[in-house]
Amino acid sequence: SDYTRDSPTFARLAGLTALLAGAFSMSVLWVYLMFGRTSSDLWKWAVRFLVVAASLQALTLSFFANDVCMRNSCSIGPGSIVSLVSTLSWALVAYEMKDNSPVVTTAIMTTNHQQQQGRNNSGKSGVE
């Protein structure tokens with residue numbers, strides 16, 4: 001039939017790939033929340049995958065440019081709204097994970113601790 005031949009393959013693949021990229025990032029976040037440990041590289045990749053997930057989720061709206069929609073005059077419905085909300089959600093989580101990275105906070109705390117130790121050691125006089 002015409003529908004299966006003209007199916008929105010790109011939009012479907014974009015949605016599936018967005019789901020997989022987002023699932024990876026969410027698994028990194030949940031492992032950190034449960035065990036309190038992560039690596040900086042893993043966290044950075046999780047943020048990157050969230051940006052990819054947001055971009056691909058937005059591309060699911062390319063369905064409206066498909067031949068099926070051109071012939072049948074599609075309109076924005078519940079599925080489109082959910083796709084937009086998902087796009088914004090992935091983007092917001094990417095921003096929050098980048099802005100509130102526990103790995104960066106730990107590195108800053110370590111640097112501050114080392115600076116504090118340096119000040120304490122330089123303040124000692126050597127005569128005891």
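Angles over 145 degrees between helix axes count as roughly antiparallel. The legends below describe close-up views of a predicted model.

**View 1. The pairing of helices α3 and α5 is roughly antiparallel.** The axes of α3 and α5 come within 8 Å of each other and cross at roughly 160°. That angle lies in the range over 145 degrees, and the two helices are therefore roughly antiparallel. The handedness of this crossing is left-handed.

**View 2. Side by side, α3 and α5 share a contact made up of residues of several classes.** On the α3 side, the participants are Trp43, Ala46, Val47, Leu50, Val51, Ala53, Ala54, Gln57 and Ala58. Facing them in α5 are Ser83, Ser86, Thr87, Trp90, Ala91, Val93, Ala94, Met97 and Lys98. Sorted by class, this contact comprises 13 nonpolar, four polar and one charged residues.

**View 3. Ala54 contacts three residues that lie beyond four places away in sequence.** These partners are Thr87, Trp90 and Ala91. Ala54 is among the α3 residues that meet α5, and Thr87, Trp90 and Ala91 are among the α5 residues in that contact. Ala54 and Trp90 also both belong to the largest nonpolar core.

**View 4. The largest nonpolar core of the model contains 12 residues.** Its members are Ala21, Val28, Leu29, Trp43, Ala46, Val47, Leu50, Ala53, Ala54, Trp90, Ala94 and Met97. Helices α2 (9-35), α3 (40-59) and α5 (78-99) each supply at least two residues of this core. The largest contribution is that of α3, with six residues.

**View 5. Ser80 is a buried residue of helix α5.** The relative accessibility of Ser80 is 11%. Burial requires a value under 20%, so Ser80 counts as buried. Leaving aside residues up to four places away in sequence, Ser80 touches Leu61 and Phe64.

**View 6. The whole chain, shown for context, is built from six helices and zero strands.** Read from the N terminus, the order of elements is α-α-α-α-α-α. The chain has 128 residues, of which 26% count as buried. Among contacts between residues at least 6 apart in sequence, 72% join residues at least 24 apart.

Conventions. Residues numbered from 1 in each chain as written. Predicted model: local features only at pLDDT ≥ 70, side-chain atom pairs only at ≥ 80, totals over all residues. Heavy atoms only, no water. Core = buried A, V, L, I, M, F, W, Y, C linked by side-chain atoms within 4.5 Å. Buried < 20%, exposed > 50% of the residue type's maximum accessible area, 1.4 Å probe, protein only. Helix = DSSP H or I, 4+ residues; strand = E, 2+ residues; numbered from the N terminus. Contact = heavy atoms within 4.5 Å. Axes fitted to C-alpha atoms, helices over the stretch in contact; angles between N-to-C directions. Parallel < 35°, antiparallel > 145°, perpendicular 65-115°, else oblique. Left-handed = near helix turned anticlockwise from the far one by under 90°. Nonpolar A, V, L, I, M, F, W, Y, C, P; charged D, E, K, R; others polar.
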